[in-house]
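Please open the structure in your viewer and keep the sequence alongside, since each stop on this tour begins with a selection.

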Amino acid sequence: MSWNPVLDPSIPIGDAVDAIETVIVPRARDLGGFEVRRALPSAQRQMVGPFIFFDQMGPAEFLTGKGIDVRPHPHIGLGTVTYLLRGKMHHRDSLGTDLWIEPGAVNWMLAGQGITHSERQDGAIRDTPHDLFGLQTWLALPKAMEDDPAAFVHAGKSELPVLEGEGKQLRLILGAAYGAQAPVPTGIEVFYADADLAPGAAIPLPDDHEDRGVYILSGEVSVGGQSFDTGRMLVFRPGDKVSVRAGDRGARVMLLGGATMDGPRHIWWNFVASSKDRIDAAKEAWRAGDWAHGRFRLPPADNGEFIPAPDH
């Protein structure tokens, strides 16, 4: 059995407990007219499968001349996906990648031993009012992948598998589920999907993944006679057969999970690692600022500024 801190012989499973192990209410943070709701990590759960960070960005509307400006910053020990529902963002990284993240597309950025990137809404997009609504997730890497070289893979919306039927439409973003396989190779046992449910439609959770969760983007869902509204993350016990049913307004949900990690993870700023030593080494490398010869580089097309490491 892989490492899972919620599994304990003293905890009853199956018919003796509810199917829902945890309900997470995301913490909201106002970034100056732009709200972010963070579901992971939380006091109840650090991870769901490999997912160690889960933010809902917006929905937000920006006036002419305004937008997101996330300066270059580093990552180690994780893979990221920024999945947009509305709006777009300009991604640049230290590999030389320079493209716009658009709704429904997958941009898998593998940090491995180290990558630097920026995310902005710059250029012509600021000439008119515009909006942004999406999800930003980090997936912790298994120990065997922590020192892998950085990589970036893009898959357009039209390349992702779409499953439809019985009042539901599901787009598979990462990994494998329901007999389908997403096109982006991650090297991780994972599933991540965007499901749109008509009123009363039900969707079963994949039963071939140990850890499983549901994040409610809109509408209401019920599980085992209990109802849950927008902005909740539900985490389910391994092994239970579980279905999520949309309420009278329908629902849009994100399904996520996969294999539990091969041990706990440390998080500091934008770094994820299996040991504090790895975190400390990355801190020093970023603070050294040796962009020509050091561990980190700045994006070639966005190297005029960067975010300094926090003092603590």
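**Stop one: two rings in the interior**

Select W286 and F296 to begin; in this predicted model, W286 is buried, and F296 is buried as well. With both side chains drawn as sticks, look at how the rings are set against each other: the centres of W286 and F296 are 5.6 Å apart and the planes stand at 85°, so this pair is edge-to-face, given that planes over 60 degrees apart are counted in that class. Colouring by secondary structure adds the context, because W286 belongs to helix α1 (residues 276–288) whereas F296 lies in the segment after α1, so that the pair ties together parts that are 10 residues apart in sequence.

**Stop two: a second edge-to-face pair**

Next, select W291 and F306, whose ring centres are 5.0 Å apart with the planes at 70°, so that this pair, too, is edge-to-face. Both residues lie in the segment after α1, 15 residues apart, and the pair links distant parts of the chain. Are these two residues buried, exposed or partly exposed? W291 has a relative accessible area of 22% and is therefore partly exposed, and F306, with a relative accessible area of 32%, is partly exposed too, because the partly exposed class runs between 20% and 50%.

**Stop three: the cluster and its lysine**

Now widen the selection to W268, W269, F271, W286, W291, F296 and F306, which together form one aromatic cluster. Over the model as a whole, the count of aromatic pairs comes to 12. While the cluster is displayed, add K283, whose charged end sits over the ring of W268 at 4.5 Å from the ring centre. For another arrangement of this kind, select K88 and W100, where the charged end of the lysine sits over the tryptophan ring, 4.8 Å from its centre.

**Stop four: the seven-stranded sheet**

Finally, return to the cartoon view and trace the open sheet of seven strands, which runs in the order β2-β3-β4-β11-β6-β9-β12 with antiparallel pairing. Its edges are β2 (27–30) and β12 (151–155), each of which pairs on one side only. Viewed along the sheet, neighbouring strands are turned by 15° against each other on average, with direction ignored. At the β12 edge, select strand β9 (residues 106–110) together with β12, and follow their antiparallel pairing over five bridges. Which residue in β12 is the bridge partner of W108? Selecting V153 in β12 shows that partner of W108, and there the tour ends.

Note on methods: Residues are numbered from 1 along each chain as its sequence is written. This is a predicted model: local features need pLDDT of at least 70, side-chain atom pairs count only at pLDDT 80 or more; totals for chains, interfaces and linings use all residues. Side-chain values use heavy atoms; hydrogens and water are left out. Two strands pair if DSSP finds at least two bridges between them. Helices (H or I, at least four residues) and strands (E, at least two) are DSSP runs, numbered from the N terminus. Axes are lines fitted to C-alpha atoms, for helices over the stretch in contact, and angles run from 0 to 180 degrees between N-to-C directions. Rings of Phe, Tyr and Trp (its six-membered ring) pair if their centres lie within 6.5 Å; planes under 30 degrees apart count as stacked, over 60 as edge-to-face and the rest as tilted. Buried means under 20% relative accessible area, exposed over 50%, partly exposed in between (1.4 Å probe, protein chains only). A charge sits over a ring if NZ of Lys or CZ of Arg is within 6 Å of the ring centre and within 35 degrees of the ring normal.
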